[in-house]
Amino acid sequence: FAPHSVPFLVIGTMILWYGWYAFNSGSVGSMRTQEDFKRALLSATNTTISGAAGGITAHVICLLSASRWDLPFLCNGVVAGLVSI
């Protein structure tokens, strides 16, 4: 199906990605020690890598199968990558 508004879809995806940082990095609980900071940093790094990898993978699959660029499919891939954490 065709999305209603692609700009809103992209903005919503970015808001979700931003919220995932708070959810994953915030699960450390506190930043009192260096070890807590390292765990939060690793969590934020993994969030970035998984969202980007999901988006790139979905984008390449769409490009190879349909021979076209599809931004909504990329956004769905980003969300799928974030969910896979």
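Okay, so just after α2 there's S67, and S67 takes a positive phi of about 55 degrees. This is a predicted model, by the way, so everything I say is about predicted coordinates. S67 isn't a glycine, and that's the reason I'm starting here. Most residues other than glycine have a negative phi. Where does S67 lie? In the loop between α2 and α3, with α3 running over 71–83. And is S67 buried or exposed? Exposed: its relative accessibility is 62%, and the cut-off for exposed is over 50%.

Right, let's zoom out to the whole chain. You've got three helices and zero strands, and along the sequence that reads α-α-α. The radius of gyration is 15 Å, whereas the globule rule gives 12 Å for 85 residues, so the chain is more spread out than a compact globule. If you'd rather think in boxes, the C-alpha atoms fill roughly 50 × 25 × 15 Å along the principal axes.

A few totals while we're here. Of the 85 residues, 27% are buried. The accessible surface comes to about 5,900 Å², and carbon and sulfur atoms account for 71% of that. On contacts, take the pairs at least 6 apart in sequence: 58% of those join residues at least 24 apart.

Now back to α2, which covers residues 34–66. How does its span compare with what you'd expect for 33 residues? At 1.5 Å a residue it should come to 48 Å, and the end C-alpha atoms are indeed 48 Å apart, so the two agree. Plenty to look at on the buried side of this helix, too. The buried residues of α2 include D36, A40, S43, T47 and S50, and then, further along, G51, G54, G55, A58, H59 and C62. What do they pack against? Both of the other helices, α1 and α3.

Let me pick one of those, S43. Its relative accessibility is 17%, and since buried means under 20%, S43 counts as buried. Setting aside neighbours within four places in sequence, S43 is in contact with N24 and S25.

That takes us over to N24, which sits in helix α1, residues 6–26. N24 is buried as well, because its relative accessibility is 12%. Which residues does N24 touch, not counting those up to four places away in sequence? S43, T47 and I85. S43 and T47 you've already met, on the list of buried residues in α2. I85 is the one I'd point at on the screen: N24 and I85 are 61 residues apart in sequence, yet their C-alpha atoms are 9.1 Å apart in space.

Last stop, still on α1, but out on the surface this time. F8 lies in that helix, and with a relative accessible area of 62% it's exposed. What does F8 form together with I11 and I15? A nonpolar patch on the surface, with about 350 Å² of accessible area between the three of them.

So, if you're clicking through the model afterwards, here are the spots to visit. Begin at S67, with its positive phi just after α2. Then go to N24 and its contacts with S43, T47 and I85. Finish on the surface patch of F8, I11 and I15. That's it from me, thanks.

Conventions:
Residues are numbered from 1 along each chain as its sequence is written. This is a predicted model: local features need pLDDT of at least 70, side-chain atom pairs count only at pLDDT 80 or more; totals for chains, interfaces and linings use all residues. Side-chain values use heavy atoms; hydrogens and water are left out. Helices (H or I, at least four residues) and strands (E, at least two) are DSSP runs, numbered from the N terminus. Buried means under 20% relative accessible area, exposed over 50%, partly exposed in between (1.4 Å probe, protein chains only). Contact means heavy atoms within 4.5 Å. Patches are made of residues with over 30% relative accessible area and no salt bridge: like charges are joined within 9 Å, nonpolar side chains (Val, Leu, Ile, Met, Phe, Trp, Tyr) within 5 Å. Accessible areas come from the Shrake-Rupley method with a 1.4 Å probe; for residues, only the protein chains shown count as cover. A salt bridge is a side-chain nitrogen of Lys or Arg within 4 Å of a carboxyl oxygen of Asp or Glu. The radius of gyration is taken over C-alpha atoms; the globule rule is 2.2 Å times the number of residues to the power 0.38. The expected span of a helix is 1.5 Å times one less than its number of residues.
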